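Hi,

Here is the structure I promised to pass on. Have a look at it first, and my notes on what turned up are underneath.

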Amino acid sequence: SLWIVTCRECHDAINGSLYQSCDISEKVCRDRYTASHQECATCLSNILNPIHHEPYDNEFYLLCKNEIETQQLGCQYYCRVAGFTNGVCSRADLPFSGCRCSNVDSFGKVYNVLLGHEGPVYALSALSGVSYANLASGSGDNSIKLWNTAKFHSRALLNLTGHTAAVNSLVQLKNGYLVSGSDDNRIIVWDVSSKDGARKVRELNDHTSWITALDVLKNGNLISASNDKTIKIWNSNGDFSLVANLVKHNDHVLKLVVLNNGNFFSVSPTESIYWNGQTYEPITRMPKSKDDSYANSLHAIGASSLLYGSRTLMSIDVSDNQIDFDKAYGWLKKSYALTTFGNNMVAHATVTRNLQELRTNLNMTIKVFPQSNIKQIQYFKGIHDDEVISLAALSDSKLVSGSFDSKIVVWGSKN
């Protein structure tokens, strides 16, 4: 393997790097490593370059032998940079000796890192009922990838191509189909039931500008929002014909979320609208105040409430058919993504206004806290080299994050 040849003289450099803070991010590790050992920069690149990894059973491994100390150190370094706590060269279940990375399933610690996208990861969706995969991701590289997050060395199990611009929305319908929305103004419905390949079921081309949000109504129908100022309802239980075209916003629709009571909530730069999920008529609407900022992220909680992320993270109660801002969780610069996971934990990807936090890279972290107590805030940090812009909750209570750096990180669930 090429990495072994180029790293023969880099034993001390690899060894030294293992005692520095190489779990901060791959970029930090790379910079610290090459700053003092320029002659080993090629070695580092080859260790991390998937071209030099050996494929086996849909997984990829760094070739190494445990009895050769430099190779074992290279394995440990590779795993540390990838976000794992340990790495060992082993032939177990392999026809060759390869680097096996592992992690303890610990709350707030990196459990797995999924590599393969070549652009920002704008959308994540947990999958259910798909035998071979439990996560779908959409990216600025125009692709959709399907993953098994439990496989430590895995590349994407399926790569769906069909969009000609960034994929920024994903949702799984009740019938199991995966739906993607893109900056190419199109919505594509995919049958992903077979590991042998996805089948394109339908293309929906009625929007005239890029898709900003997708969700599923209580009756199973697909709902979409767009920069063309419209919200559209599609018959997901039949031929995907257009059921309703809602033209009530006077500006582009930024975000949309279906609440647990069956109604839905949408946001534009100028107002928020709370809709009846059966008649598709507005129940109430609220103009944006001069002192507020429109939401960049929404997430449903409870029967008739949601989290609303703008310059302030707030909860909104609509149980009385009015838009009542209930609780403020803090001052922000921008909110990118929201989700709940585990035992009523809130995960929030945001850029903070606090300059000291920015200097310590907390703009690359996820703020996590119990839904009932913001004071118990924790930070999930490390691995990502840029801002976190998408979040998803898996069925096993693990949290998944996507970033501008093209990485997907799976976080441990046991507290």
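Strand 27 (residues 345-351) and strand 28 run antiparallel and are joined by five bridges. One pair to click on there is A347, which stands opposite V368 in strand 28. Bear in mind as you go that this is a predicted model.

On its other partner, strand 28 (residues 366-370) is joined to strand 29 by three bridges, again antiparallel. V368 turns up here too, with Q378 in strand 29 as its bridge partner. K367 has Y379 of strand 29 as its bridge partner.

These strands belong to an open sheet of four, in the order 26-27-28-29, with antiparallel pairing. Strand 26 (334-341) and strand 29 (378-380) are the edge strands, each pairing on one side only. Ignoring direction, neighbouring strands in this sheet are turned by 30° against each other on average.

So how many residues of strand 28 are buried? Five of the five, so the strand is largely enclosed by the rest of the structure. In a regular strand, side chains alternate between the two faces of the sheet. For strand 28 that puts I366, V368 and P370 on one side and K367 and F369 on the other, and both faces are covered.

There is another open sheet of four strands, ordered 6-7-8-9 and also paired antiparallel. Its edges are strand 6 (121-126) and strand 9 (158-161); each has a single partner strand, so one side of each is left without a neighbour in the sheet. The twist from one strand to the next averages 20°. Strand 6 pairs with strand 7 (residues 135-139) over five bridges in the antiparallel sense, and A123 has G138 in strand 7 as its bridge partner.

Now the cores. The largest nonpolar core has 24 residues, and W3, I14, C43, I47, Y78, C79 and C99 are those with the most contacts inside it. At least two residues each come from helix 1 (2-6), helix 2 (11-17), helix 4 (41-48), helix 5 (69-81) and strand 4 (98-102). Helix 5 gives the largest share, six residues. A second core, separate from that one, has 20 residues, including V113, F341, V351 and L399.

On to charges, which you will probably want to look at before setting anything up. A search of the whole structure gives six salt bridges. Among them:

- R186 and D184 meet through their side chains at 2.9 Å, N to O. R186 is buried, with a relative accessible area of 15%, and D184 is buried at 15% as well.
- D191 and R199 meet at 3.3 Å, N to O. Here D191 is buried at 16% relative accessible area, whereas R199 counts as partly exposed at 45%.
- K398 and D396 meet at 3.4 Å, N to O. K398 counts as buried at 5% relative accessibility, while D396 is partly exposed with a relative accessible area of 35%.

The R186 and D184 pair is also part of something wider: D184, R186, K200 and E203 are linked in a network of salt bridges.

One loop residue is worth a click as well. N263 is found in the loop between strand 18 (255-258) and strand 19 (264-267). Is N263 buried or exposed? At 14% relative accessibility it counts as buried, because the cut-off for buried is under 20%. Leaving out residues up to four places away in sequence, N263 touches V257, V258, Y274, W275, N276, G277 and I283.

Finally, confidence. The protein chain averages a pLDDT of 85, and 88% of the residues score at least 70. Where does the pLDDT fall below 50? One such stretch is residues 353-362, which has 14 contacts in the model beyond near neighbours in sequence.

That's what I have for now. Shout if anything is unclear.

Cheers

Notes: Residues numbered from 1 in each chain as written. Predicted model: local features only at pLDDT ≥ 70, side-chain atom pairs only at ≥ 80, totals over all residues. Heavy atoms only, no water. Core = buried A, V, L, I, M, F, W, Y, C linked by side-chain atoms within 4.5 Å. Buried < 20%, exposed > 50% of the residue type's maximum accessible area, 1.4 Å probe, protein only. pLDDT = per-residue confidence, 0-100. Contact = heavy atoms within 4.5 Å. Pairing = 2+ DSSP bridges. Axes fitted to C-alpha atoms, helices over the stretch in contact; angles between N-to-C directions. Salt bridge = Lys/Arg side-chain N within 4 Å of Asp/Glu carboxyl O.
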